[in-house]
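User: I'd like to go through this model with you, one question at a time. Could you start with the terms we need?

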Amino acid sequence: MKIAVAKGDGIGPEIMDAVLKIFTAAKVPLEYQFVDMGKWVFDKGFSNGMTPEAQEAIESLGILFKGPMETPKGKGVKSVNVTARKTWNTYANNRVFQTLHGVDTVFSKAGIPIDITIVRENIEDTYGGIEHMLTHDVSLSRRFITRPGSEQVIRYAFEMAKKKGTKRITCGHKSNIMKLTDGLFLEVFYEVAKEYPELKADDVIVDDLCMKLVTRPDLFDVVVLTNLQGDIVSDLCAGLVGGLGFAPSANIGDHICIFEAVHGTAPDIAGKNIANPTALLLSGIAMLRHVGLMKSAAMIENALLFTLEEGKHTGDFGDKSIPSLNTIQYSDAIIANFGKQPRLGAKPSLPDMPTTPTMFKLEKNAMMESEETQKEKIVGVDFFIESNEQPVAIATKCLRHAGVKFKLINISNRGTQVWPTGSVYTNLVNQYNVRFESIDDFPLNQQDVLGLYVSLSGNFKICSSELLLMLGDKKAYSLAQGQ
Ligand code: NAI
């Protein structure tokens, strides 16, 4: 089987060479096609950070094993890491955080074992990177949470939890505040949960989750979260098991999967042969299991665990009274321990089940759409306008434009209602949301909304607008604070 390998930037080539040396010594039956991605590819003028040949190779091989990559700052280009995850729809980011013997943490010293898998949605949320300045003072980020996108990652999490023999699966969220976005994610979680009665499914609000993970990490098994919350919570979990040097990551999609370490290019130590390759090695071991090379995975992981138990370490962790090894010496120490079993947590050598990634060319983009079960109706519109006037002055102008079909419902500033009721203690910024709804449920269409837009634009710069919809008998929009 052939996989694509991109060594990456900074410490990337050093740690990738170390890991591939371990794979070669273990006679892992993989061939590598090295592809060009990362900083120098940006520098050569490829704005997505990868050459067309790299893209073609990865799309035909289906597996990318990558080192960390740098995104040049100040050039307006997007991270190649995020581009790769999104372009190839690797919708689930799977990060396993386990107590590693020899890696001292407050929990290992207290005898509290940790084995948490964080499944982070990998495409949506604020990582859409859709941002605008609405006025010179006000920026806006769009946060997409979709039903099909949530279902993909949540279903993956349940399937993975079932295969792992996990008992508990938890959804982390903030649906008490973000009722429509996180509310949708949570709704889908419990819909999918019905299909897995053998798993205990529950949910925890993300701030509470952070506190509980720090106080009782042993109570959690698999935790599934939206993108940004998952990003933050997974770094928290990396801290629980000894830091980023031990955090592997698998980006799982239906066609292409990407395996990488969580950490970055560590420019401060690049080229010094002192980087810790453990996180990339753990990512590589996850990749071996993903393609069914169970025996190689178990042998290498047991050798790694044995090496850690011996107290061998690179400079960034471990017992300072034992001299640290450089990257090459550390990988050689692991190779020397092939065939040895760690005292604790030895991994069973399961039979190989080689699977070749499905090699196919997609003809067109897949449209993911769930069945529309509720009738949709336009009942109003939110206009986001620029103004530094007082709410009453804005209301006076808006009321003139309402006409016969619309009524002005309220005006809010940064999500807090300031008209018709409000408080003078609410600080304002120069961008308001004025909400119009139809009079007496008068049926509205887009032309009505455009008419109001044109009329209102005589008085205000309209920065953006959103239709207010009813889905069945449910309002498909949030209320302002205080409304
Ligand atoms: P970083 O993870 O590269 O470094 C943070 C700290 O951890 C540094 O002190 C570094 O020396 C240390 N460190 C990280 N990995 C280590 C290892 N394997 N062994 C020993 N020490 C290690 O994060 P930072 O500094 O925020 O980002 C540096 C660059 O990496 C940026 O250009 C960023 O965009 C990129 N990056 C790339 C990622 C990827 O390719 N998936 C992920 C995160 C950052």
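Analyst: Sure. A residue is called buried when its relative accessible area is under 20%, exposed when that is over 50%, and partly exposed in between. Keep in mind that this is a predicted model.

User: Is Cys 398 buried or exposed?

Analyst: The cut-off for buried is under 20% relative accessible area. Cys 398 comes out at 0%, so this residue is buried.

User: Which cysteine has the sulfur closest to that of Cys 398, and why is there no bond?

Analyst: A disulfide needs two cysteine sulfur atoms within 2.5 Å. For Cys 398 the closest cysteine sulfur is 13 Å away, which is too far for a bond; that sulfur belongs to Cys 463.

User: How many disulfides turn up in the whole structure, and where is the cysteine sulfur nearest to Cys 171?

Analyst: Searching the whole structure gives zero disulfides. Cys 171 fits that, being in no disulfide. Cys 171 is also buried, at 0% relative accessible area. Its nearest cysteine sulfur lies 14 Å away, in Cys 210.

User: Where does the largest nonpolar core lie, and why?

Analyst: That core has 69 residues, and those touching the most other members include Phe 23, Phe 65, Val 119 and Phe 158. Residues come from both domain 1 (1-91 + 253-370) and domain 2 (92-97 + 114-251), so the core lies between domain 1 and domain 2.

User: How many residues are in the other core, the one with Leu 408 and Phe 460?

Analyst: This one lies apart from the largest core, and Leu 444 and Leu 452 are also among its members. Its count is 23 residues.

User: Which nonpolar residues form a patch on the surface, and is Val 454 buried or exposed?

Analyst: Val 454 sits in helix 14, residues 446-456. With 59% relative accessibility it passes the 50% cut-off, so Val 454 is exposed. The patch has about 280 Å² of accessible area together, and its residues are Leu 450, Tyr 453 and Val 454.

User: What kind of peptide bond joins Trp 419 and Pro 420?

Analyst: Most peptide bonds are trans. Pro 420 is in the loop between strand 15 (416-419) and strand 16 (431-438). Omega for the bond from Trp 419 to Pro 420 is about 5°, and the bond is cis.

User: What is the phi of Asn 89, and what is that of Ala 266?

Analyst: Most residues other than glycine have a negative phi. Asn 89 is in the loop between helix 4 and strand 4, while Ala 266 is in the loop between strand 12 and helix 10. Asn 89 is partly exposed at 28% relative accessibility, and Ala 266 is partly exposed at 22%. Phi is positive in each case: near 50° for Asn 89 and about 40° for Ala 266.

Terms used
Residues are numbered from 1 along each chain as its sequence is written. This is a predicted model: local features need pLDDT of at least 70, side-chain atom pairs count only at pLDDT 80 or more; totals for chains, interfaces and linings use all residues. Side-chain values use heavy atoms; hydrogens and water are left out. Patches are made of residues with over 30% relative accessible area and no salt bridge: like charges are joined within 9 Å, nonpolar side chains (Val, Leu, Ile, Met, Phe, Trp, Tyr) within 5 Å. Accessible areas come from the Shrake-Rupley method with a 1.4 Å probe; for residues, only the protein chains shown count as cover. A salt bridge is a side-chain nitrogen of Lys or Arg within 4 Å of a carboxyl oxygen of Asp or Glu. Helices (H or I, at least four residues) and strands (E, at least two) are DSSP runs, numbered from the N terminus. Buried means under 20% relative accessible area, exposed over 50%, partly exposed in between (1.4 Å probe, protein chains only). A nonpolar core is a set of buried Ala, Val, Leu, Ile, Met, Phe, Trp, Tyr and Cys residues joined through side-chain atoms within 4.5 Å. Domain bounds come from an automatic or database domain assignment.
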